[in-house]
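Thanks for coming, everyone. I'll take a few minutes to walk you through one structure. Please look at the display first.

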Amino acid sequence: MTALTDEVLADEIRQLSDQAAQGRILYVTSEIEDYVKTGGLGEVSAALPRTLLKLCDIRVLLPGYREVLARHPAMEILAHLPAAAGLPACSIGRVQAPDGLILYIVRCDELYTRDGTPYQDSEGRDWQDNDIRFARLSLAAAEIGGGLSGLEWTPNFVHLNDWPSALTSGYLNWRGINIPTMLTIHNLAYQGLFDYQRLRTLDIPQEAFQVEGVEFYGRLSFLKAGIFYASHITTVSSTYAEEITSPEFGCGLDGLLRKRAQEGRLSGILNGIDESWEPKQRAGKPLRVGDWASKRRTASRVRQSFGLAVSEGPLFAIVSRLVHQKGVDLVLEAADRLVEQGGQLVVTGRGEPQFEAALKELATRHPKHVGVKIGFQQHEATRMFAGSDFLLMPSRFEPCGLSQMYAQRFGSLPIAHKTGGLADTIEDGQTGFLFAGPTLPSFFEAIKRGLDTFASSRRLNKMRRQAMTRSFSWQQSALRYQEIYNMEGCG
Ligand SMILES: Nc1ncnc2c1ncn2[C@@H]1O[C@H](COP(=O)(O)OP(=O)(O)O[C@H]2O[C@H](CO)[C@@H](O)[C@H](O)[C@H]2O)[C@@H](O)[C@H]1O
């Protein structure tokens with residue numbers, strides 16, 4: 001009996017380690033929540049590789065930003081990569097997160113150790129040398145992928161994310177390195193467009209500057225290079241995967257994306273949220289399904305923190321990058337009526353200066369009913385999900401969206417435009433409210449349905465229960481990624 005158990009166990013371990021030996025994935029990203037994030041990509045990059053670790057040997061590659069070096073001043077350096085055209089030489093460091101995830105760091109201090117975000121300076125201007133910065137990241141990924149870096153570990157699959165790493169699949173192609181790649185599009189609207197005269201500086205062959213290559217309406221597009229050369233394209237929800245093949249959502253790339261879809265090389269895989277978003281792990285006091293008194297107390301703390309009046313009315317929240325995509329202008333238009341109807345609104349995030357200014361002005365006009373904090377603090381955001389009754393998300397397009405999932409986890413019902421991942425993660429009338437077409441009348445009609453529901457605590461609590469018990473597991477998504485790694489010949 002013991003022998004048999006040992007045998008079965010050994011077999012399982014053998015199978016698992018065989019799998020791990022087969023799948024060696026390099027996951028390339030420009031942000032990760034462990035060190036620096038500007039939005040959803042940073043959260044996905046922290047969560048997905050950790051879930052995939054159970055299925056394969058996945059390691060992350062990212063630039064050596066100031067925040068990374070501050071935490072690892074004496075990081076181990078494993079390799080040096082030479083300069084190429086206008087791309088400076090760099091080295092590859094290695095750090096390991098406490099939970100075991102291995103991160104390779106592209107060290108090139110002249111490019112990455114600066115104040116500001118990964119993409120912009122402290123005044124919100126794009127870094128002038130973003131093309132060099134992210135071409136350097138991409139070329140390092142290609143060199144590691146091709147086994148040219150001298151690292152002791154070589155991947156057999158490279159997983160890219162958005163335009164900052166998309167050029168990797170181009171470099172692999174131009175250097176004749178045969179390794180499958182996947183590009184995940186988190187947002188098609190950010191394409192990494194640069195002047196074509198930069199080709200030489202970036203070590204891109206002149207012949208690649210054509211429609212069947214990196215050219216996009218006379219400019220050089222990093223994202224298009226990824227879509228053109230990667231073995232497989234994914235995006236972060238099924239609905240968005242369909243939408244981006246249409247002229248309305250395709251940002252000029254819909255023709256190529258339609259072709260990839262016809263070839264079976266475009267898939268939608270929904271993001272998940274990880275276990276750390278269970279309310280009992282996030283809120284100071286656990287928020288259990290049905291513990292509405294605790295939710296009310298949290299709402300009072302949110303009101304206090306934003307300087308709002310004590311109220312029994314509905315509390316609406318926005319936790320978002322404050323950009324055109326997110327429909328901030330619609331919120332600005334709807335806000336006066338929302339306040340007239342007895343609602344209060346709290347907003348946090350940062351983004352385009354005109355939206356930040358207009359929101360601050362709105363708060364000045366309604367000091368007891370609208371509160372705005374420009375900036376981002378995770379604990380504040382979490383408390384807003386936990387305390388609010390409704391989350392507003394009138395995004396014009398939304399590849400997946402994470403905030404609406406966090407909100408549901410805390411019984412805050414999203415009121416959202418029926419598009420992309422919002423359509424795939426919110427059940428209209430069950431866990432939130434969806435409206436068709438990002439216009440003020442349809443947005444307000446959905447808000448009205450929310451207000452009607454708020455008036456009936458039986459209906460409100462039923463919807464909260466449904467929202468809180470919905471599953472948004474990363475496990476299922478990780479299995480789908482693994483399937484594509486295998487399908488594309490990883491290992
Ligand atoms: N100023 C700020 N600084 C730091 N964090 C902030 C922030 N403002 C908001 N956040 C946080 O970042 C997350 C935003 O994620 P979203 O998925 O909603 O949008 P984003 O457009 O960034 O991501 C894109 O990529 C993700 C991941 O694939 C897709 O879900 C999404 O649709 C797509 O637009 C939320 O958790 C929010 O709390």
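**Helices on a sheet**

Let's start with helix 13, residues 353-365. Helix 13 lies across strand 14 (344-349) and strand 15, and its direction is at about 145° to strand 15. Next comes helix 14, residues 378-387. Helix 14 packs on the sheet and touches strand 13 (315-319), strand 14, strand 15 and strand 16 (390-393). Its direction makes about 145° with that of strand 13.

A word of caution here: this is a predicted model. How confident is it? The chain averages a pLDDT of 94, and 95% of the residues score at least 70. Residues 1-5 are another matter. There pLDDT stays under 50, and the model has zero contacts for them beyond four places in sequence.

Back to the sheet. In what order do the strands run? The order is 15-14-13-16-17-18, six strands in an open sheet with parallel pairing. At the edges sit strand 15 (370-374) and strand 18 (433-435), each paired on one side only. From one strand to the next, the twist averages 15°. Take strand 17, residues 413-417: three bridges join it in parallel to strand 18. Histidine 417 stands opposite phenylalanine 435 in strand 18.

Now the record. UniProt, in an unreviewed entry, lists residues 24-259 as "domain: Starch synthase catalytic". Over that stretch the chain is 31% helix and 22% strand. The C-alpha atoms at its two ends are 29 Å apart.

Last topic: charge pairs. Side chains of opposite charge can pair when their charged atoms come close. The count here is 28 salt bridges. One of them joins arginine 198 to aspartate 131, at 2.5 Å from N to O. These two are 67 residues apart. Arginine 198 is in the loop between strand 8 (193-194) and strand 9 (215-216), while aspartate 131 is in helix 5 (residues 130-145). Is each one buried or exposed? Arginine 198 is partly exposed, at 28% relative accessible area. Aspartate 131 is buried, at 2%.

Compare a pair within one helix. Arginine 258 and aspartate 254 meet at 3.2 Å, N to O. They are four residues apart in helix 9 (residues 254-262), so about one helical turn separates them. Arginine 258 is partly exposed at 35%; aspartate 254 is buried at 10%.

Helix 17, residues 440-454, holds lysine 448 and aspartate 452, again four residues apart. Their salt bridge is 3.3 Å, N to O. Lysine 448 is partly exposed at 38%, and aspartate 452 is partly exposed at 37%. Finally, Lys259, Arg260, Glu263 and Arg265 form one network through salt bridges that share partners.

Technical notes. Residues are numbered from 1 along each chain as its sequence is written. This is a predicted model: local features need pLDDT of at least 70, side-chain atom pairs count only at pLDDT 80 or more; totals for chains, interfaces and linings use all residues. Side-chain values use heavy atoms; hydrogens and water are left out. UniProt positions are given in the numbering used here, feature names are shortened, and annotations may be inferred rather than shown by experiment. Two strands pair if DSSP finds at least two bridges between them. Axes are lines fitted to C-alpha atoms, for helices over the stretch in contact, and angles run from 0 to 180 degrees between N-to-C directions. Contact means heavy atoms within 4.5 Å. pLDDT is the predictor's confidence in each residue, from 0 to 100. A salt bridge is a side-chain nitrogen of Lys or Arg within 4 Å of a carboxyl oxygen of Asp or Glu. Buried means under 20% relative accessible area, exposed over 50%, partly exposed in between (1.4 Å probe, protein chains only).
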